[in-house]
Amino acid sequence: MLFVPIFHLLLCLSSWAWGVYAIDPHHERERVVKDFFDKDGGGSTHTNNWAVLVCSSRYWFNYRHMANALGMYRTVKRLGIPDSNIILMLADDASCNSRNKFPGSVYANPGRHLDLYGDNIEVDYRGYEVTVENFIRVLTGRMDPSVPRSKRLLTDERSNIFVYMTGHGGNEFLKFQDNEEISAFDIADAFEQMYQKKRYNEIFFMIDTCQANTMYSKLYSPNILATGSSNLGENSYSHANDNDIGVAVIDAFTHYVLEFMERINKTSQASMEELFNSMDFSKINSHPGVRNDLFHRPLSKTRITDFFGGVAQVEIVAPLNLGMGASSAESTLTMSDEVHEEVNGQGTEPSQQLPKQAMSAKAQPVPASSSYMTQLRDWNSSTGRAWASVGLVGALVGWVSTKSRRSS
């Protein structure tokens, strides 16, 4: 008689286990998503890119700092990050300075081959708007409701963010407007707030100033990669002067970073390790530094375009109805807004540009791949088999119980 209750218990346990593991849609979706993002060898899992570019210096003789920031601005736009995902902060407008022999233009080389200001530039914070308070508010998202979306960093936990800063600094501080300073502790705490509020996936922090490497020494939040132009006690030097403009037009560290970036395109596989290895003390005249102890990926497998470019990955979302046909399932894949960089970057009218948000509200449906449809059909089939098995086992248990009661 002991056989019947033991058999009953084993059947119940097997039924429960099979039902739980066979019909859990979340587990299957997570596996499909993980397989998709891991197919390139464990690359970044971000779905959108943002950039925060800061020139903190005023006055004509700091022309080079504005050129530094505008050079980075041009590079990230060229590599696919749209203006809607760039926060540009310029403490002064050298292009309109009365001393500028070339009004409306900013150049970063003595030959003046490329106008960095040009006709297609969107400055989000300018002049006295560039303050320590506003910079920290941009990072942390603690904005007044009246601040427009164009001045907000609308990131999420899938966002990779490039933060670039240039100006005059020293040991663990950077000056803003020769009026106030931001410390290494301020930046570290701002990044920690971003981590706690799930405002980033990974951050690449780059700073070009005197004693720049001290500015990332206090960081403690995960998934942050940082680099600077000079060690403690070192100056960060300018690269070239223009006799017609009358001042230095760019800093050495930024110049050689931009020179390297000119060889990168949107589909480049170049790694961050290659970028850091290209930094040469004999050219820069200071010791650039890199901090990667907080960063979870090897630099050799971290692509430059993970931070400087617009991503071209898609995110798999759950079907609204798992029992739907193949025609309905084709709408379950949507592309991130960076995939449609041709929409964001063709110089469209402001009213036609996509809004600032991590995933586009105007994302276009694309046909699901045959492998995904196969996985979806397999999942529906396994779900049906699981429920049928649960019902069959339940009926069998009931029949055994009834027989045991009659025999007793």
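In the predicted model, Gly-169 of strand β5 is positioned opposite Leu-174 of strand β6. The strands β5 and β6 run antiparallel and are joined by two bridges. Both belong to an open sheet of three strands, ordered β5-β6-β7, in which the pairing is antiparallel. Strands β5 and β7 (180-183) form the edges of this sheet, each pairing on one side only. In general, strands of a sheet are paired through hydrogen bonds of the backbone, in either a parallel or an antiparallel sense.

The loop between β5 (169-170) and β6 (173-176) contains Asn-171. This residue has a relative accessible area of 41% and is therefore classed as partly exposed, the range for that class lying between 20% and 50%. When residues up to four places away in sequence are not counted, Asn-171 touches Gln-211, Thr-214 and Leu-232. The C-alpha atoms of Asn-171 and Ala-212 are 7.7 Å apart in space, although the two residues are 41 apart in sequence.

A further antiparallel pair is made by strand β10 (residues 238-241) and strand β11 (residues 248-251), which are linked over three bridges. Within this pair, Ser-238 faces Asp-251 of β11. The two strands form a hairpin with six residues between them. In the turn, Gly-246 has a positive phi of about 95 degrees.

Helix α6 covers residues 252-261, and eight of its 10 residues are buried, so the helix is largely enclosed by the rest of the structure. The buried residues of α6 are Ala-252, Phe-253, Thr-254, His-255, Val-257, Leu-258, Phe-260 and Met-261. One of them, Met-261, is also in contact with Phe-308.

Phe-308 is a member of the largest nonpolar core, which has 52 residues; together with Leu-53 and Phe-162, Phe-308 touches the most other members. Helix α3 (residues 63-78) supplies the largest share of this core, with eight residues. Apart from neighbours within four places in sequence, the contacts of Phe-308 include Met-72, Thr-75 and Val-76. Phe-308 also contacts Leu-79, Ile-81, Phe-162, Phe-204 and Met-206. A second core, separate from the largest, consists of 38 residues, among them Phe-135, Val-147, Val-163 and Phe-176.

A buried charged residue, Asp-92, was examined in its surroundings. Asp-92 is located in the loop between β2 (86-90) and β3 (125-126). Despite being buried, Asp-92 has no salt bridge. Its nearest side chain of opposite charge is that of Arg-58, at 4.3 Å, and a salt bridge is counted within 4 Å, so this pair does not qualify. A polar atom of the Asp-92 side chain does, however, lie 2.8 Å from the backbone nitrogen of Tyr-59. With neighbours within four places in sequence set aside, the residues in contact with Asp-92 are Ser-57, Arg-58, Tyr-59, Trp-60, Met-66 and Gly-127.

Over the whole protein, 12 helices and 14 strands are present. Of the 408 residues, 51% are buried. Among contacts with a separation of 6 or more, 76% are between residues 24 or more positions apart.

Notes:
Residues numbered from 1 in each chain as written. Predicted model: local features only at pLDDT ≥ 70, side-chain atom pairs only at ≥ 80, totals over all residues. Heavy atoms only, no water. Buried < 20%, exposed > 50% of the residue type's maximum accessible area, 1.4 Å probe, protein only. Helix = DSSP H or I, 4+ residues; strand = E, 2+ residues; numbered from the N terminus. Lys, Arg positive; Asp, Glu negative; His and termini not counted. Polar contact = N/O pair within 3.5 Å; in protein donor to acceptor, adjacent residues only side chain to side chain. Contact = heavy atoms within 4.5 Å. Pairing = 2+ DSSP bridges. Core = buried A, V, L, I, M, F, W, Y, C linked by side-chain atoms within 4.5 Å.
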